[in-house]
Amino acid sequence: MTRSIQTALVTGASRGIGQFIARSLSDEGYNLVLTGRSGAEVEALAQEMRAAGAAAIAIRADLTDTTSIAQLVNVANSEFGQIDVLVNNAGGDPQREFEEMSWTENEDIFRLNVLAPMHLTHLLLPGMLERRKGHIVNISSLAGRIGFPFTEAYAAAKDGLIGFTRVLRNDSRGRGVTASVIVLGAIRDAGQGQRTSDELGLNLSRAYTAPASSVGKAVLTAIRKDRAEIVVMPGPGRLMKAVMDLLPGFGPSMNRMAGADATMRRVIEFRKRSTLGA
Ligand SMILES: NC(=O)c1ccc[n+]([C@@H]2O[C@H](COP(=O)([O-])OP(=O)(O)OC[C@H]3O[C@@H](n4cnc5c(N)ncnc54)[C@H](OP(=O)(O)O)[C@@H]3O)[C@@H](O)[C@H]2O)c1
């Protein structure tokens, strides 16, 4: 018997870009397993999808906790039988200075942004390989390539996620399972960048940001066309990424000229004041 409806697990579905990804997949006809730590928000999205006729469930999980990750996979498998598509979207950065954060805080950034996607893949891959069917989509960032200020641990994790996806894709494709990485530049309309800009009263220029809806579309394109890597930014994204790799000083110079260094300094000071409760 052919199983036509597929199930996708989307992490980071409580807010931001994850909601756009989840809606794109739901509109495409996928069953959805939605997760995040904010149970009420994830449940609200699942309800919205069920009201539209889709099968969607919400499972609360903290992806910095390995027990929580294992429970998430167990519940998802028992509810839907199998996961066909895993979208590792949950992630982010506290926007604070590397040396001022504790080592545990830096480790948690790494855990969330690269170890959790690897762990989820490790748990779901055997079933996918057995069925000879599955797609892992990892949401990464240009932060490391462009040398975006104050993102040391985050950039290391997101670059790590690109390397992980490439090797996983190479090792699994001959066995029916594939992997794609979506590398994001600055995103507007939703997500951390938009929230920070709103908090500080900054304007996110359309010239260097892509809308959150384009990430949902990129995930669908990656799955339909089995793309190794998609860069989401205005203009020739993959070319820009290649230029930044060729000329490592180019990204930081661009950041300085575009005022990103000064802006991130403001964000850091704002985060410091918030952390101190000022
Ligand atoms: N926004 C951008 O401009 C941009 C640029 C480049 C890359 N990205 C990447 O795009 C992805 C989505 O980012 P976003 O901007 O949408 O971020 P966001 O609005 O801050 O949302 C992050 C999501 O991750 C979840 N999450 C955070 N910590 C978690 C934890 N410990 N356990 C489980 N879930 C957790 C959050 O849910 P809970 O808080 O409910 O747990 C939330 O649903 C991330 O991987 C980010 O690195 C974003």
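Begin with the lining of the largest cavity in this predicted model: by class, the lining has four charged residues, no polar residues and no nonpolar residues. To display the lining, select R96, E97, E100 and K272. The space that these residues line has a volume of about 30 Å³, and the structure holds one cavity of 30 Å³ or more.

Next, select helix α7, residues 192–200. Within this helix, colour Q194, T196, S197 and L200, which are its buried residues. Now turn the view to look down the axis of α7. The buried residues fall within an arc of 165 degrees, so they line one face of the helix. What do the buried residues of α7 pack against? Add β7 (187–188) and α11 (260–275) to the selection, for these are the elements against which they pack. Then move to G201, the residue that follows α7; its phi is positive, near 70 degrees.

The final stop is strand β6, which spans residues 177–184. Select T178, which is located in this strand. Is T178 buried or exposed? T178 counts as buried because its relative accessibility is 10%, and buried means under 20%.

Show side chains here and select R169 as well. The side chain of T178 makes a polar contact with the side chain of R169, at 3.2 Å. To complete the surroundings, add G134, H135, I136, R173 and D226. Together with R169, these are the residues that T178 touches when residues up to four places away in sequence are not counted.

Key
Residues are numbered from 1 along each chain as its sequence is written. This is a predicted model: local features need pLDDT of at least 70, side-chain atom pairs count only at pLDDT 80 or more; totals for chains, interfaces and linings use all residues. Side-chain values use heavy atoms; hydrogens and water are left out. Helices (H or I, at least four residues) and strands (E, at least two) are DSSP runs, numbered from the N terminus. Buried means under 20% relative accessible area, exposed over 50%, partly exposed in between (1.4 Å probe, protein chains only). A polar contact is a pair of N or O atoms within 3.5 Å; within protein, one must be able to donate a hydrogen and the other to accept it, and residues adjacent in sequence count only if both atoms are side-chain atoms. Contact means heavy atoms within 4.5 Å. The arc is that of the directions from the helix axis to the C-beta atoms. On a 1 Å grid over the protein atoms alone, a cavity is a set of points where a 1.4 Å probe fits but cannot get out, and a pocket is an open set with protein on both sides within 12 Å along at least five of seven lines; lining residues have an atom within 4 Å of a point. Grid points are joined across faces, edges and corners, and a volume is the space filled by probe spheres set on the points. Ala, Val, Leu, Ile, Met, Phe, Trp, Tyr, Cys and Pro count as nonpolar, Asp, Glu, Lys and Arg as charged, and the others, Gly among them, as polar.
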